[in-house]
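Q: Could you take a close look at the charged side chains in this one and how they pair up? I'd like a connected walk through them, with whatever else helps to fill in the picture.

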Amino acid sequence: MLSECLRNVRTVMPLVHSITNYVTINDVANAVLACGGSPIMADEPDDAEEVTAICGGLNINIGNLNRQTTEAMRIAGRRSRELGHVRVLDPVAAGASALRTRVCRELQGLVGFDAIRGNVSELKALALGSSTTRGVDASAADAVTDANLDEMVAFAKGYAREVGSIVAITGAIDLVAAADACYVIRNGRAEMGRVTGTGCMLSGVLCAYLIANPTDRLEAAAAAVCLMGLAGEVGWSRMQEGDGNATYRNRIIDALYTIDGTQLDEGARHELR
């Protein structure tokens with residue numbers, strides 16, 4: 001049950017090292033804390049290897065690439081792989097520039113990842129070499145819909161098989177896939193797209209869930225994605241007149257903190273294909 005994954009995170013309190021982007025770094029830290037983990041961030045190359053060694057997992061987010069952070073990603077990624085730690089890639093805006101796509105592919109070969117989480121345009125850019133990425137947002141042309149659901153489930157499973165990772169495609173309909181199974185998840189609110197960083201937060205939460213649930217990482221990944229979507233729903237239900245997207249961000253983080261296992265099991269809307 002998804003609730004067991006949630007309880008394990010709050011019992012283990014996994015230490016998550018995130019080399020993430022400067023736009024959302026504080027929100028990622030707070031989301032990891034809210035779900036029951038503990039965050040640490042080190043993007044100085046001379047610091048990254050030592051910090052990585054004390055953590056249970058590494059969350060790499062390429063949202064604000066520069067030479068320093070890219071080198072820190074390489075160093076931390078190699079060390080994390082040597083230690084057998086959980087490794088998550090968030091390929092922000094892959095396909096929007098040659099640099100982003102190249103760095104993601106380099107890291108895939110160097111580090112290897114237990115999970116890759118992104119929108120459908122980003123993952124198509126990595127899998128197929130082309131997409132219609134529009135900044136950090138997925139193109140409407142790439143959206144997962146009921147009309148193309150079978151095709152997109154097959155794509156997610158195929159890409160998971162190719163890279164040997166769990167693949168999480170997030171959007172209006174979320175897909176969390178291994179080579180032979182895929183969760184189709186329908187939690188969340190469209191308004192989450194008006195808050196910068198909900199995907200970044202999810203990648204940190206995902207890393208925490210994978211660390212704390214090593215025996216069934218597909219279910220753990222699905223639990224993390226369901227939790228984030230449900231937090232968006234609960235947070236929205238608590239909005240007051242005059243509240244805007246800044247308040248909504250805080251309510252999402254609050255919901256990550258307050259949702260319990262029973263709420264997650266009852267509120268998660270998913271099917272396994």
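A: Let's start with the rule: a salt bridge here is a side-chain nitrogen of Lys or Arg within 4 Å of a carboxyl oxygen of Asp or Glu. Keep in mind that this is a predicted model. With that cut-off, the count comes to twelve salt bridges.

A good place to zoom in is the network of salt bridges that links Glu71, Arg74 and Glu106. Within that network, Glu106 and Arg74 meet side chain to side chain, at 2.5 Å from N to O. The two come from distant parts of the chain: Arg74 sits in helix H4 (residues 67-83) and Glu106 in helix H5 (residues 98-111), with their positions 32 residues apart in the numbering. How covered are they? Arg74 has a relative accessible area of 22%, so it is partly exposed. Glu106 is at 33% relative accessibility and also counts as partly exposed.

Now compare the setting of Arg117 and Asp90. Their closest N and O atoms are 3.0 Å apart, which makes a salt bridge. Here the elements are strands: Arg117 belongs to strand S5 (residues 115-118) and Asp90 to strand S4 (residues 86-90), so the bridge ties together parts 27 residues apart in sequence. Arg117 and Asp90 are both buried, and buried means under 20% relative accessible area.

Another bridge joins the side chains of Arg189 and Glu191, with 3.0 Å from N to O. Arg189 is partly exposed at 34% relative accessibility, and Glu191 is partly exposed too, with a relative accessible area of 24%.

Some acidic residues do something else. Glu44, Asp46, Asp47, Glu49 and Glu50 gather in a patch of negative charge on the surface. Patch members are residues with over 30% relative accessible area and no salt bridge. Take Glu50 as one of them: its place is in helix H3 (residues 45-53). Glu50 has a relative accessibility of 62%, so it counts as exposed, the cut-off for that word being over 50%.

One more acidic residue to look at is Glu271, found in strand S9 (residues 270-272). Its relative accessible area is 32%, so Glu271 is partly exposed. If you want a sense of span, the C-alpha atoms of Glu271 and Leu126 are separated by 26 Å, with the two residues 145 apart along the chain.

To round out the picture, here are the rings. There are two aromatic pairs. Phe155 and Tyr159 have ring centres 6.3 Å apart and planes at 5°, so this pair is stacked. Both are in helix H7 (residues 149-163), and because they are four residues apart there, about one helical turn separates them. Phe155 and Tyr159 are both buried.

The other pair, Trp236 with Tyr248, is edge-to-face, at 5.2 Å centre to centre and 80° between the planes. This one links distant parts of the chain, with Trp236 in helix H9 (residues 217-237) and Tyr248, twelve residues away, in helix H10 (residues 245-258). Their cover isn't alike, either: Trp236 is partly exposed, with a relative accessible area of 30%, whereas Tyr248 is buried at 1%.

Notes:
Residues are numbered from 1 along each chain as its sequence is written. This is a predicted model: local features need pLDDT of at least 70, side-chain atom pairs count only at pLDDT 80 or more; totals for chains, interfaces and linings use all residues. Side-chain values use heavy atoms; hydrogens and water are left out. Patches are made of residues with over 30% relative accessible area and no salt bridge: like charges are joined within 9 Å, nonpolar side chains (Val, Leu, Ile, Met, Phe, Trp, Tyr) within 5 Å. Accessible areas come from the Shrake-Rupley method with a 1.4 Å probe; for residues, only the protein chains shown count as cover. Lys and Arg count as positive and Asp and Glu as negative; His and the chain ends are not counted. The place of a charge is taken as NZ of Lys, CZ of Arg, CG of Asp or CD of Glu. Buried means under 20% relative accessible area, exposed over 50%, partly exposed in between (1.4 Å probe, protein chains only). Rings of Phe, Tyr and Trp (its six-membered ring) pair if their centres lie within 6.5 Å; planes under 30 degrees apart count as stacked, over 60 as edge-to-face and the rest as tilted.
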